[in-house]
Amino acid sequence: MPNNYFLFDVKEPDEFAEGAFKYAKNIPLSELENRLNEIPKDKVILIYCATGVRSERAYNLLKKAGYKVHFIDAKIEFENGKVNIIPKE
C-alpha cells in the first residue's frame, strides 16, 4: 500500500474477521464519528464495505469533515483467501 493512502473497512468487526484487504484498518461505520482521530488528514482515504452502502455513508461524513476521500461502490466478497469485486451497474 503506498504511503500516501489510508485504506479502511467500515464493516462490523465480525464481518471484517471473515475477510478484508491486507492493509485495511477496521473502523466500523457505527464508530466512525467517535474515531475520526484515527484517520490521517494528510493521506488519500479509501473506504470499502461489503456492498458500498456503508462506505458511501462514511464517504459523506469524511467529505464534510474535509478529508480527501473515495469509496468503492461495489459488492466485495472475501472467501477462502480470495476476493471478488462485483461493480454496480
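A residue is called buried when its relative accessible area is under 20%, exposed when that area is over 50%, and partly exposed in between. By this rule Lys11, with a relative accessibility of 4%, counts as buried. The model described here is a predicted one, and the points below take up its salt bridges, the helix H2 and a nonpolar patch on its surface.

**Salt bridges**

- The structure holds seven salt bridges, and one of them joins the side chains of Lys11 and Asp9, with a distance of 3.2 Å from N to O.
- Both partners of that pair are buried, since Lys11 has a relative accessibility of 4% and Asp9 has one of 0%.
- Another salt bridge brings together the side chains of Glu15 and Arg54, at 2.8 Å from N to O; Glu15 lies in helix H1 and Arg54 in helix H2, so this pair ties together parts that are 39 residues apart in sequence.
- Glu15 counts as partly exposed, with a relative accessibility of 23%, whereas its partner Arg54 is listed among the buried residues of H2.
- Lys75 and Glu77 also meet through their side chains in a salt bridge, at 3.3 Å from N to O, and here Lys75 is partly exposed at 40% relative accessibility, as is Glu77 at 31%.
- In addition, Lys25, Glu31, Arg35 and Glu38 are joined into one network by salt bridges that share partners.

**Helix H2**

- Helix H2 covers residues 53-64, and its 12 residues should span 16 Å at 1.5 Å a residue, which agrees with the 17 Å that separates its end C-alpha atoms.
- The buried residues of this helix are Arg54, Ser55, Ala58 and Leu62, and, seen down the axis of H2, they fall within an arc of 95°, so they line one face of the helix.
- An α-helix has 3.6 residues a turn, so residues three or four places apart point the same way.
- The cover over the buried residues of H2 includes strand E1 (5-9), H1, strand E3 (44-48) and strand E4 (68-71).
- On the face of H2 that is turned away from its buried side are the exposed residues Arg57 and Lys64.
- After H2 comes Gly66, which has a positive phi, near 95°.

**Nonpolar surface patch**

- Met1, Tyr5 and Tyr23 make a nonpolar patch of about 310 Å² on the surface.
- Of these residues, Tyr23 is placed in the loop between helix H1 (13-18) and strand E2 (25-26), and Tyr23 is exposed, with a relative accessible area of 52%.

Key
Residues are numbered from 1 along each chain as its sequence is written. This is a predicted model: local features need pLDDT of at least 70, side-chain atom pairs count only at pLDDT 80 or more; totals for chains, interfaces and linings use all residues. Side-chain values use heavy atoms; hydrogens and water are left out. Patches are made of residues with over 30% relative accessible area and no salt bridge: like charges are joined within 9 Å, nonpolar side chains (Val, Leu, Ile, Met, Phe, Trp, Tyr) within 5 Å. Accessible areas come from the Shrake-Rupley method with a 1.4 Å probe; for residues, only the protein chains shown count as cover. A salt bridge is a side-chain nitrogen of Lys or Arg within 4 Å of a carboxyl oxygen of Asp or Glu. Helices (H or I, at least four residues) and strands (E, at least two) are DSSP runs, numbered from the N terminus. Buried means under 20% relative accessible area, exposed over 50%, partly exposed in between (1.4 Å probe, protein chains only). The expected span of a helix is 1.5 Å times one less than its number of residues. The arc is that of the directions from the helix axis to the C-beta atoms. Contact means heavy atoms within 4.5 Å.
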